Amino acid sequence: GEATTRLAPGVFVQGVMTTASEADTLQGVSPRVPSFFLLISGPWESSEQIVRLLLDAGVPATEHELAAGAVRVELICDHGLGEAFKWGRFGALPPDVVAQLRTCSRAALLEVGLRFDRAGPLLKRLSLPLRQAGGIAIRVEASGGAWAWEPWLARLDANTPWGLYECATIIVAGEEGSFTCGMHAFDLPDAQIQMSDTRAAIEWLDTFCVYQIDEQPALASGHTFRPDADSTRRTLERWPDDRHRPQDGRHNPFGVWRFLAEGLKGLTPTEPVPTFVPPLVALLTRAEEAAGRPLTQTEVERLREKGTCVAMELADAIGLERVRGYADIEPDLAWEQWQVVRSGS
């Protein structure tokens with residue numbers, strides 16, 4: 001029925017309970033084709049040659065508009081390509097592969113029209129003919145991680161959530177903590193955690209990300225997670241990706257789950273979820289473009305208060321994100337997260 005409910009401080013929900021498809025209509029969103037990009041170095045002469053190789057192997061390939069379940073092909077020519085393939089999830093590629101890459105200036109850029117967790121069989125079908133035709137190595141653009149053929153094909157043969165996760169992502173450890181890169185290939189947020197023990201941090205991130213892929217849980221800021229019964233739960237809070245600019249193929253439009261320090265509660269999850277229509281980040285972007293200057297905190301909060309929301313079940317709100325192709329900012333952290341968004345644009 002009709003609802004005007006305060007679900008969180010500063011957020012009013014006006015409208016009716018709705019489904020993701022109904023909200024799509026409200027937002028004028030056309031269903032997108034989920035996709036990710038692969039770069040395969042090799043002695044390619046033209047994009048037409050690559051398309052023919054794929055079609056002969058039963059892979060729906062084209063040089064034109066991408067369709068769901070198909071592959072769009074481009075040819076990249078760059079004498080510095082070898083540097084892009086030197087490193088992968090488990091370190092440097094084998095020396096013989098690196099030596100071949102130094103002499104190669106061409107690569108097939110393939111946009112695959114599926115989520116990575118649904119693409120295992122298609123990835124194997126396209127990998128085999130390109131390897132046989134002289135492909136040297138493969139790189140997943142969502143993470144920048146490169147692979148030699150044998151370990152890549154072994155994971156595709158197994159076609160498990162864990163193996164596909166390893167194919168698509170890398171983990172970076174640094175002074176600011178450890179974080180994943182590449183989860184947007186699955187239409188999912190990345191994750192980051194601050195721990196003194198890097199191995200423990202990697203175990204947390206690996207377990208959590210495979211859990212996201214395998215279980216497809218409906219998660220929101222304020223929910224908690226632990227990788228095993230002996231660990232203390234940590235609260236999750238979703239933030240925009242602040243490590244990669246939107247033009248960077250490693251940028252995750254679905255954001256990053258931040259594991260808060262032990263004992264910190266963060267936001268309180270609510271359901272139904274207040275879902276801005278159009279998204280709050282879009283409202284703020286248009287308002288700042290119209291103003292020709294950065295918005296003040298007061299202006300951001302005023303726009304948040306005036307924005308139209310619908311109350312949605314969490315699973316439907318997540319479905320809407322995937323149709324749209326990006327996550328909105330957290331209403332209760334609108335000012336702080338808006339600063340992250342605008343600093344990266």
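Helices and strands here are DSSP runs, numbered from the N terminus. The model is predicted.

**Backbone outliers**

Gln216 is found in the loop between helix 8 (198-215) and strand 14 (224-225). Its phi is positive, near 50°, and Gln216 is a residue other than glycine. Gln216 is partly exposed, at 29% relative accessible area. Asn159 also has a positive phi, about 50°, without being a glycine. Asn159 sits in the loop that links helix 6 (149-158) to helix 7 (161-168). With a relative accessibility of 36%, Asn159 is partly exposed. Most residues other than glycine have a negative phi, and most peptide bonds are trans.

Two cis peptide bonds precede prolines, as tabulated here.

| Cis peptide bond | Omega | Place of the proline |
|---|---|---|
| Glu271 and Pro272 | about 10° | loop between strand 16 (256-259) and strand 17 (273-276) |
| Val277 and Pro278 | about -5° | loop between strand 17 and helix 9 (280-291) |

**Strand 8 and its partners**

How many of the seven residues of strand 8 are buried? Six are, so strand 8 (residues 106-112) is largely enclosed by the rest of the structure. Strand 3 (residues 36-41) pairs with strand 8 through six bridges, in the antiparallel sense. Within this pairing, Leu39 has Leu109 of strand 8 as its bridge partner. Strand 5 (residues 71-77) also runs antiparallel to strand 8, and seven bridges join them. Here Ile76 stands opposite Ala107 of strand 8.

**Cysteines**

The structure holds zero disulfides. Cys104 is in none, and the nearest cysteine sulfur, that of Cys77, lies 9.5 Å away. Cys104 is buried, because its relative accessible area of 9% falls under the 20% cut-off. Cys167 is buried too, with a relative accessible area of 1%. Why does the sulfur of Cys167 form no bond with the closest cysteine sulfur? That sulfur belongs to Cys209 and is 15 Å away, which is too far for a bond. A disulfide requires the two sulfur atoms to be within 2.5 Å.

**Thr235**

Thr235 lies in strand 15 (residues 234-239). Is Thr235 buried or exposed? At 6% relative accessibility, Thr235 counts as buried. The side chain of Thr235 reaches the backbone oxygen of Leu264 at 3.1 Å. Leu264 is also among the residues that Thr235 touches, leaving aside those up to four places away in sequence. The others on that list are Gly222, His223, Thr224, Arg258, Phe259, Leu260 and Lys265.

How values were computed: Residues are numbered from 1 along each chain as its sequence is written. This is a predicted model: local features need pLDDT of at least 70, side-chain atom pairs count only at pLDDT 80 or more; totals for chains, interfaces and linings use all residues. Side-chain values use heavy atoms; hydrogens and water are left out. Buried means under 20% relative accessible area, exposed over 50%, partly exposed in between (1.4 Å probe, protein chains only). Helices (H or I, at least four residues) and strands (E, at least two) are DSSP runs, numbered from the N terminus. Two strands pair if DSSP finds at least two bridges between them. A polar contact is a pair of N or O atoms within 3.5 Å; within protein, one must be able to donate a hydrogen and the other to accept it, and residues adjacent in sequence count only if both atoms are side-chain atoms. Contact means heavy atoms within 4.5 Å.
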